[in-house]
Amino acid sequence: MEATELVLQAMREAGVPLNAGKIAELSGLDRKVVDKAMKELKKTGAIVSPVRCKWEPAEK
């Protein structure tokens, strides 16, 4: 599974906005991998930030 998919999956399972550190912890991915995946997801609009520094999937 691709890193971006794992990041989205971790966000969906949590059900609350998360920061990159928490996503890395939940998904088991390295923080740098999570940051890179989140950058791609932000570009495509797949994730949104309802609270400063915390992110969630755009499609809720």
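Contact here means heavy atoms within 4.5 Å. On that basis, in this predicted model, Thr4 touches Ala37, Glu40 and Leu41, once residues up to four places away in sequence are set aside. Thr4 itself belongs to helix α1. With a relative accessible area of 13%, Thr4 falls under the 20% limit and so counts as buried.

Helix α2 comes next and spans residues 20–27. Ala20, Ile23 and Ala24 are its buried residues. Looking down the axis of α2, these buried residues stay within an arc of 100°, so they line one face of the helix. What they pack against is α1, residues 3–14, together with α3. Just after α2 sits Gly28, with a positive phi near 80°.

The meeting of α2 with α3 can be laid out in a bit more detail. Two packed helices are described by the angle between their axes and the distance between the axes. For α2 and α3, the angle is about 115° and the axes lie 9 Å apart. The crossing of α2 past α3 is right-handed. On the α2 side, the residues taking part are Ala20, Gly21, Ile23, Ala24 and Ser27. Across from them, α3 brings in Arg31, Val34, Asp35 and Met38. Sorted by class, this contact has 5 nonpolar, 2 polar and 2 charged residues. Two of the names come up twice in this part of the story: Ala20 and Ala24 are buried in α2, and both also meet α3.

Further along α3, which covers residues 31–44, comes Lys42. Is Lys42 buried or exposed? Neither word quite fits, because its relative accessibility of 41% makes Lys42 partly exposed. Leaving out neighbours within four places in sequence, Lys42 is in contact with Ile47 and Trp55. Ile47 lies in strand β1, residues 47–51, and Trp55 in strand β2, residues 54–57, so to speak at the other end of the contact. Pro57 is 15 residues away from Lys42 in sequence, and the two C-alpha atoms are 9.8 Å apart in space.That leads to the two strands. β1 and β2 run antiparallel and are joined by 3 bridges. At one of the paired positions, Val51 has Lys54 of β2 as its bridge partner. The hairpin they form leaves 2 residues between the strands. Cys53 is found in this loop between β1 and β2. Most residues other than glycine have a negative phi, and most peptide bonds are trans. Cys53 goes the other way, with a positive phi of about 70° although it is not a glycine. Cys53 is also exposed, because its relative accessible area of 52% is over the 50% limit.

Strand β2 also holds Glu56. In contrast to Cys53 in the loop, Glu56 has a relative accessible area of 13% and is buried. What does Glu56 touch, leaving aside its neighbours within four places in sequence? The list is Met11, Pro17, Ala46, Ile47, Val48 and Pro50. Among these contacts, Ile47, Val48 and Pro50 fall within the residue range of β1, while Met11 falls within that of α1. Ile47 turns up once more here, as a contact of Glu56 and of Lys42.

Notes:
Residues are numbered from 1 along each chain as its sequence is written. This is a predicted model: local features need pLDDT of at least 70, side-chain atom pairs count only at pLDDT 80 or more; totals for chains, interfaces and linings use all residues. Side-chain values use heavy atoms; hydrogens and water are left out. Helices (H or I, at least four residues) and strands (E, at least two) are DSSP runs, numbered from the N terminus. Buried means under 20% relative accessible area, exposed over 50%, partly exposed in between (1.4 Å probe, protein chains only). Two strands pair if DSSP finds at least two bridges between them. The arc is that of the directions from the helix axis to the C-beta atoms. Axes are lines fitted to C-alpha atoms, for helices over the stretch in contact, and angles run from 0 to 180 degrees between N-to-C directions. A crossing is left-handed if the near helix is turned anticlockwise from the far one by less than a right angle, and right-handed if clockwise. Ala, Val, Leu, Ile, Met, Phe, Trp, Tyr, Cys and Pro count as nonpolar, Asp, Glu, Lys and Arg as charged, and the others, Gly among them, as polar.
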